[in-house]
Amino acid sequence: ASQMVGFFVGDADTSTADTFRDVKDDLDAEIDEAVETLGEVCVRDEDWDAAREAASAVLEAAYDDYVETLEGMGVEPKNVC
């Protein structure tokens with residue numbers, strides 16, 4: 001979201017930059033809530049390990065989907081990422 005804000009600021013599109021500022025604020029709130037929840041439910045080291053593994057799997061799947069989508073649009077992911 002921060003990169004999108006910067007992109008649209010650089011493109012002199014303040015309205016869209018403001019939209020992504022709102023998205024960033026929402027994401028920050030979700031992250032805070034997730035951290036709080038993890039602190040409540042992860043009481044053992046094994047819990048933290050399982051949470052870390054699950055998060056890694058989600059990020060990997062999302063990234064793979066992102067790359068596949070870019071490639072489907074004819075965009076070289078390495079040039080974007």
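This report covers the overall form, the charges and the salt bridges of a predicted model.

## Overall form

The protein chain contains four helices and zero strands. Read from the N terminus, its elements follow the order α-α-α-α. Two of these helices carry the residues discussed below: helix α2 takes in residues 14–41, and helix α3 takes in residues 45–72.

The radius of gyration of the protein chain is 17 Å, whereas a compact globule of 81 residues would have one near 12 Å. The C-alpha trace spans about 50 × 30 × 15 Å along its principal axes.

## Burial and surface

Among the 81 residues of the protein chain, 10% count as buried. The area exposed by the protein chain is about 6500 Å². Carbon and sulfur atoms supply 54% of that area.

## Charge and the negative patch

The protein chain holds 5 positive and 23 negative charges. The mean positions of the two sets are 6 Å apart.

A negative patch on the surface is made up of D22, D25, D26, E30, D32, E33, E36 and E40. Two of its members can be described further. D25 sits in helix α2 and has a relative accessible area of 49%, so D25 is classed as partly exposed. D32 also belongs to the patch and lies in helix α2. The relative accessibility of D32 is 54%, and D32 therefore counts as exposed. Both values are over the 30% relative accessible area that patch residues need.

D32 can also be placed relative to A55. The two residues are 23 positions apart in sequence, and their C-alpha atoms are 15 Å apart in space.

## Salt bridges

The count of salt bridges comes to four. Three of them are described here, beginning with the pair in helix α2.

The side chains of K24 and D28 form a salt bridge with an N to O distance of 3.0 Å. K24 and D28 are four residues apart in helix α2, which means that about one helical turn separates them. Both partners are partly exposed: D28 has a relative accessible area of 32%, and K24 has 29%. D28 is over the 30% cut-off for patches, but a patch residue must have no salt bridge, so D28 is left out of the negative patch because of its contact with K24.

## Salt bridges at R44 and in helix α3

R44 and D47 meet through their side chains in a salt bridge of 2.9 Å, N to O. The partners fall into separate burial classes. R44 is partly exposed at 49% relative accessibility. D47 has a relative accessible area of 18%, and because the limit for buried is under 20%, D47 counts as buried.

Another salt bridge joins D49 and R52, whose closest N and O atoms are 3.2 Å apart. Both residues belong to helix α3, where they are three residues apart, or about one turn of the helix. D49 is partly exposed, with a relative accessibility of 38%. That value is over 30%, but D49 has a salt bridge with R52, so D49 does not qualify as a patch residue.

Notes:
Residues numbered from 1 in each chain as written. Predicted model: local features only at pLDDT ≥ 70, side-chain atom pairs only at ≥ 80, totals over all residues. Heavy atoms only, no water. Patch = residues over 30% accessible without salt bridge, like charges linked within 9 Å, V, L, I, M, F, W, Y side chains within 5 Å. Areas by Shrake-Rupley, 256 points an atom, 1.4 Å probe, with all protein chains shown as cover. Lys, Arg positive; Asp, Glu negative; His and termini not counted. Charge placed at Lys NZ, Arg CZ, Asp CG, Glu CD. Helix = DSSP H or I, 4+ residues; strand = E, 2+ residues; numbered from the N terminus. Buried < 20%, exposed > 50% of the residue type's maximum accessible area, 1.4 Å probe, protein only. Rg over C-alpha atoms; globule rule 2.2 N^0.38 Å.
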